[in-house]
Amino acid sequence: MAKKKLNIGIIGGGFMGRTHSNAFRQAPEFFALDYQPVLKTVCTRSAEGAAKFAANWGFESSESDWRKVIERKDIDLIDIATPNDTHETIAVAAAQAGKMVMCEKPLGRNAAEAERMVAAVEAAKVPNMVWYNYRRVPAVTLAKKLIDEGRLGKIFHYRAKFLQDWTISADVPQGGTGTWRLDASVAGSGVTGDLLAHCIDTALWLNGGIETVTGATETFVKQRKHATTGQVADVKIDDASMFLSRFKNGSLGMFEATRYARGHKALYTLEINGEKASIFWDLHDLHRLQWFDHGDEGRLRGWRSIHITDGDHPYMSHWWVPGLQIGYEHTFVHQAADFIEGLSKGQAAAPTFRDALATEYVTDAVLKSAASKQWEVVKG
Ligand SMILES: NC(=O)c1ccc[n+]([C@@H]2O[C@H](COP(=O)([O-])OP(=O)(O)OC[C@H]3O[C@@H](n4cnc5c(N)ncnc54)[C@H](O)[C@@H]3O)[C@@H](O)[C@H]2O)c1
């Protein structure tokens, strides 16, 4: 039987435009899906760039005005892979046009934007999802299953960090292509919305809601040249952000993100300590889950390093033979496949826009606390 078509328009042809294009191409090859994703069009700021991207990735057409993509009757799904200041406008317009919407993280530059995006997709009743891809690293998905099975028992501690080092030089500009993350008007915040948002999404998924936070942020380089205007201007993003939290389940959380940890490029680690067992995961070794089980015989008790490549590990039966690992790009393939499977089942794949709003409430509270120097209550 011919598969139903899922006609996709991707807005943005940068880093994430590439991961998403790859995901929609690979998903139907490795997962049994009822829908065939079709790369209908890609839209970037420049017509020339969009045409080149389209030719490279096999899109049928290209655009440089996202509104034209939304107007097209032959597009079912708008996939937003543009900088954060565009997410709300594109997502709301797409939902109002009755399109399904997938959006990169963070959902909005702040919770107010994200709330309007949630309202738009829920009013239009369109399927929606946010690309918090780390949930779909097989080792992290396995961690979720082990926690849900009660194998850790009562959880005491959640610890996460996301470390980079690419903005240490004062010569890195703010604004413009590639460095829009340093311009608060585009990004919303610095590492809080960029890197901590990933840590928070995973934490809320694995360990439940956060009630209160106390945070501290720092901007180490106070002024930078703006890439497009050439003007030297105050830097308004946070270069580093850390916070303590109290989870609803009684556990304590400790989170840190920075772009000033010399030697670290994308070190995302998380550790969970429970009454019965502990888990540790590291993005640089993403196919391994470190597991300590206090129930093991005392003489042999110790940290196990589980190679998450066997057929009974999450997602792995879709890939190669046991022992062969997969990588970063596969998390996006899994997410695309789960979204499409959700369409077939009539069940929303998580995280939906509403799920991702919870992360925005935490990041807003962290920034509020950094300013007030007080513990702040997380909305929601
Ligand atoms: N899930 C993840 O791990 C992850 C990783 C990186 C980035 N992101 C998120 O993905 C989004 C995009 O980040 P990126 O690193 O791909 O950025 P990027 O700078 O590499 O690419 C941005 C793309 O958007 C296009 N664009 C910008 N404004 C546009 C407009 N008005 N209309 C059409 N196209 C426009 C640009 O032409 C470019 O192709 C951001 O929200 C970012 O936070 C998520």
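**Exercise 1. Place Lys125 and Lys373 in the chain, and decide from phi and C-beta counts how each residue should be described.**

Lys125 sits in the loop that joins H5 to E6. In this predicted model, the phi of Lys125 is near 55°, which is a positive value in a residue other than glycine. For the exposure step the cut-off is needed: a residue with 12 or fewer other C-beta atoms within 10 Å is exposed. Lys125 has 9 other C-beta atoms within 10 Å, and it is therefore exposed.

The second residue, Lys373, is found in the loop between H10 and strand E17 (376-377). Lys373 is not a glycine, yet its phi is positive, at about 60°. Its 9 C-beta neighbours inside 10 Å make Lys373 count as exposed. As background to both cases, most residues other than glycine have a negative phi.

**Exercise 2. Find the cis peptide bonds at Pro106 and Pro351, and state which elements flank each proline.**

Begin with the bond from Lys105 to Pro106, which is cis with omega near -15°. Pro106 belongs to the loop between strand E5 (100-103) and H5. Then take the bond from Ala350 to Pro351, which is also cis, with omega near -5°. Pro351 lies in the loop that connects helix H9 (329-345) with helix H10 (353-372). For context, most peptide bonds are trans.

**Exercise 3. Describe how the two domains meet, going from the domain bounds to the residues at the contact.**

The first step is the division itself: domain 1 covers 4-132 and domain 2 covers 134-377. Taken over C-alpha atoms, the centres of the two domains are 23 Å apart. At the contact, 36 residues of domain 1 meet 38 residues of domain 2. On the side of domain 1 that touches domain 2, the elements giving two or more residues are helix H1 (15-30), strand E2 (35-43), helix H5 (111-124) and strand E6 (128-130). H1 gives the most to this side, with eight residues. By residue class, the side of domain 1 that touches domain 2 consists of 23 nonpolar, eight polar and five charged residues.

**Exercise 4. Locate the largest nonpolar core relative to the domains, and list the surroundings of Val101.**

The largest nonpolar core contains 103 residues, and those with the most contacts inside it are Ile78, Val101, Leu196 and Cys199. Because domain 1 (4-132) and domain 2 (134-377) both give residues to this core, it lies between them. Turning to Val101, and leaving out residues up to four places away in sequence, one finds that Val101 touches Ile78, Ile80, Ala91, Ala94, Ala95, Val121, Val126 and Asn128. In soluble globular proteins, nonpolar side chains tend to be buried together.

**Exercise 5. Characterise helix H8 by its axis, its burial and the residue that follows.**

Helix H8, residues 191-207, has a kink of about 45° centred on Ala197. H8 is mostly covered, with 17 of its 17 residues buried. The residue after H8 is Gly208, whose phi is positive, near 85°.

**Exercise 6. Set sequence separation beside spatial distance for two residue pairs, and classify Lys68 and Ala51 by exposure.**

Lys68 and Cys43 are 25 residues apart in sequence, and their C-alpha atoms are 9.3 Å apart in space. Lys68 is part of helix H3 (residues 66-71), and it counts as partly exposed because it has 13 C-beta neighbours inside 10 Å. In the second pair, Ala51 and Ala112 are 61 residues apart along the chain, with 35 Å between their C-alpha atoms. Ala51 is located in helix H2 (residues 47-57), and with 18 other C-beta atoms within 10 Å it is partly exposed.

**Exercise 7. Compile the two domain annotations from UniProt, with the end distance and secondary structure of each span.**

An unreviewed UniProt entry places "domain: Gfo/Idh/MocA-like oxidoreductase N-terminal" at residues 6-130. In the model, the end C-alpha atoms of residues 6-130 lie 18 Å apart, and the span is 46% helix and 23% strand. The UniProt entry, again unreviewed, lists residues 142-279 for "domain: GFO/IDH/MocA-like oxidoreductase". For residues 142-279, the end C-alpha atoms are 10 Å apart, and the span is 20% helix and 36% strand.

Definitions and conventions: Residues numbered from 1 in each chain as written. Predicted model: local features only at pLDDT ≥ 70, side-chain atom pairs only at ≥ 80, totals over all residues. Bend = angle between axes of the 7 residues up to and from the residue. Helix = DSSP H or I, 4+ residues; strand = E, 2+ residues; numbered from the N terminus. Buried ≥ 20, exposed ≤ 12 C-beta atoms within 10 Å, placed from the backbone. Domains from an automatic or database assignment. Contact = placed C-beta atoms within 7 Å. Nonpolar A, V, L, I, M, F, W, Y, C, P; charged D, E, K, R; others polar. Core = buried A, V, L, I, M, F, W, Y, C linked by C-beta atoms within 7 Å. UniProt positions renumbered as here; feature names shortened; annotations may be inferred.
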